[in-house]
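Here's a quick briefing to read alongside the structure. Have a look at the surface first, then go through the points below.

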Amino acid sequence: MKKKLTVLLAVAVMSMSSVYAAEAQGPISRWLDNLTGSVAQKEQSAYQKQQAKQQKLAEKKKKREQKLAKKRAKAKQKQLERQKKAQEQQKKVQKKQNLLKELFTFD
């Protein structure tokens with residue numbers, strides 16, 4: 001029991017002292033900084049790449065939406081023109097029908 005308690009106490013003291021050693025600028029903290037620095041740099045570069053990729057995708061999406069909006073506007077314009085022509089044609093037909101009706105009606 002005493003051995004287990006001694007080992008547990010030693011582990012607790014070592015873990016507390018390792019925190020203080022990491023905070024101070026000693027050889028261990030420099031080694032940890034060098035070790036974690038490269039990992040942090042890799043993570044940062046990966047994050048930047050991901051952000052650039054997302055930005056490119058957002059730009060593509062925006063361009064695609066603009067293109068679709070232009071196509072829809074064109075289609076709407078063409079539809080309005082067709083409707084206008086159809087109305088004009090209908091007016092002409094109606095006018096001719098009225099003229100023929102007047103011509104062949106007897107009072």
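What follows covers the overall fold, then the charged patch, then the nonpolar one.

This is a predicted model, and its protein has two helices and zero strands. Just 2% of its 107 residues count as buried.

**Overall picture**
- The protein exposes about 11,100 Å², and 60% of that comes from carbon and sulfur atoms.
- Helix 2 spans residues 27-104, and both K56 and F104 sit in that helix.

**The positive patch**
- Which residues gather in a patch of positive charge on the surface? They are K56, K60, K61 and R64.
- Take K56, one of that group: the relative accessible area of K56 is 58%, and exposed means over 50%, so K56 is exposed.
- If you're tracing the chain, look for K56 within helix 2.

**The nonpolar patch**
- L100, L103 and F104 make a nonpolar patch on the surface, about 350 Å² in area.
- Is F104, which is part of this patch, buried or exposed? F104 has a relative accessibility of 57% and the cut-off for exposed is over 50%, so F104 counts as exposed.
- F104 belongs to helix 2, whose residues are 27-104.

Methods: Residues are numbered from 1 along each chain as its sequence is written. This is a predicted model: local features need pLDDT of at least 70, side-chain atom pairs count only at pLDDT 80 or more; totals for chains, interfaces and linings use all residues. Side-chain values use heavy atoms; hydrogens and water are left out. Patches are made of residues with over 30% relative accessible area and no salt bridge: like charges are joined within 9 Å, nonpolar side chains (Val, Leu, Ile, Met, Phe, Trp, Tyr) within 5 Å. Accessible areas come from the Shrake-Rupley method with a 1.4 Å probe; for residues, only the protein chains shown count as cover. A salt bridge is a side-chain nitrogen of Lys or Arg within 4 Å of a carboxyl oxygen of Asp or Glu. Lys and Arg count as positive and Asp and Glu as negative; His and the chain ends are not counted. The place of a charge is taken as NZ of Lys, CZ of Arg, CG of Asp or CD of Glu. Helices (H or I, at least four residues) and strands (E, at least two) are DSSP runs, numbered from the N terminus. Buried means under 20% relative accessible area, exposed over 50%, partly exposed in between (1.4 Å probe, protein chains only).
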